[in-house]
Amino acid sequence: MASNRVFNFGPVALTNTLTTNILNGAVTSLAGVVGFTATQPYIVIRHIRISNKTGSAATFSLWKNGTGANTAGSEVIGTALSVAANSAYDWYGQMRFDSADFLVGGSGTATALTIMGEGEIGFS
């Protein structure tokens with residue numbers, strides 16, 4: 001993993017549409033120099049922070065799934081997890097996303113919560 005690069009994403013306001021694509025690492029064009037075959041990158045998320053900027057508690061849900069999908073069994077962080085007013089929720093771990101994987105989710109209250117995170121991006 002020495003060749004991986006650190007990256008950050010967000011902050012992005014979470015809407016009340018729970019099928020919103022938040023993060024995906026796919027590259028749409030892998031054209032490269034002659035004799036070299038480029039590969040899709042992968043992302044390893046190590047930290048996600050959900051911040052509540054309002055004076056009321058708000059909930060969020062996140063899935064690791066295909067584009068715009070939040071099917072049962074693919075929940076990864078929070079299922080209507082409440083974030084206290086003017087507070088934040090931090091998740092730490094190691095979650096890999098290949099080119100077909102999307103971080104999908106949203107909030108129970110439109111734009112009350114923002115998401116940001118960091119991790120690594122690399123090539124297989």
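What follows is a short walk through the strands, ring contacts and two individual residues of this structure, which is a predicted model.

Let me begin with the sheets. One of them is an open sheet of four strands, in the order β2-β7-β4-β5, and its pairing is antiparallel. At the edges stand β2, which covers residues 20-23, and β5; each has a single partner strand, so one side of each is left without a neighbour in the sheet. From one strand to the next, the twist in this sheet averages 25°.

Within that sheet I would like to stay with strand β4, residues 58-65, which is mostly covered, since six of its eight residues are buried. Towards β5, residues 75-83, strand β4 is joined by five bridges, and the two run antiparallel; here T59 stands opposite S82. Towards β7, residues 102-107, the count is six bridges, again with the strands running antiparallel. On that side, S61 stands opposite G106, and the bridge partner of L62 in β7 is G105.

The other sheet I want to show is also open and is formed by four strands, in the order β1-β8-β3-β6, with antiparallel pairing. Its edges are β1, residues 5-13, and β6, and because each of these has a single partner strand, one side of each is left without a neighbour in the sheet. Neighbouring strands here are turned against each other by 15° on average, with direction ignored. Looking at one pairing in detail, strand β3, which spans residues 41-52, pairs with β6 in the antiparallel sense over eight bridges, and within this pairing H47 in β3 has Y92 in β6 as its bridge partner.

Now to the aromatic rings. How many aromatic pairs does the structure hold? There are two. One is formed by F7 and F9, and this pair is stacked, with 6.3 Å from centre to centre and 25° between the planes; both F7 and F9 are buried. The other pair, F60 with Y89, is tilted, at 5.6 Å centre to centre and with 45° between the planes. This second pair links distant parts of the chain, as F60 belongs to strand β4 and Y89 to strand β6, residues 88-97, with their positions 29 residues apart in the sequence.

Are the two partners of that tilted pair buried or exposed? F60 has a relative accessible area of 0%, and therefore counts as buried, whereas Y89, at 28% relative accessibility, counts as partly exposed, because that value falls between the 20% and 50% limits.

Rings also meet charged groups in this model. The charged end of K64 sits over the ring of F97, at 5.2 Å from the ring centre, and the charged end of R96 sits over the ring of Y42, at 3.9 Å from the centre of that ring.

I will finish with two residues that can be read against the strands already described. Where does S74 lie? S74 is found in the loop between β4 and β5, and this loop residue is buried, because its relative accessible area is 10% and the limit for buried is under 20%. Its side chain is joined to the side chain of N65 by a polar contact of 2.7 Å. If we leave aside neighbours within four places in sequence, S74 is in contact with W63, K64 and N65; of these, K64 is the residue whose charged end sits over the ring of F97.

The second residue is T79, whose place is in strand β5. Is T79 buried or exposed? T79 counts as exposed, because its relative accessibility is 57% and the limit for exposed is over 50%. Not counting residues up to four places away in sequence, T79 touches F60 and S61. F60 is the buried residue with a relative accessible area of 0%, and S61 is the residue that stands opposite G106 in β7. As for L103, it is 24 residues from T79 in sequence, and the C-alpha to C-alpha distance between the two is 14 Å.

Technical notes. Residues numbered from 1 in each chain as written. Predicted model: local features only at pLDDT ≥ 70, side-chain atom pairs only at ≥ 80, totals over all residues. Heavy atoms only, no water. Buried < 20%, exposed > 50% of the residue type's maximum accessible area, 1.4 Å probe, protein only. Pairing = 2+ DSSP bridges. Axes fitted to C-alpha atoms, helices over the stretch in contact; angles between N-to-C directions. Phe/Tyr/Trp six-rings, centres within 6.5 Å; stacked < 30°, edge-to-face > 60°. Lys NZ or Arg CZ within 6 Å of the ring centre and 35° of its normal. Polar contact = N/O pair within 3.5 Å; in protein donor to acceptor, adjacent residues only side chain to side chain. Contact = heavy atoms within 4.5 Å.
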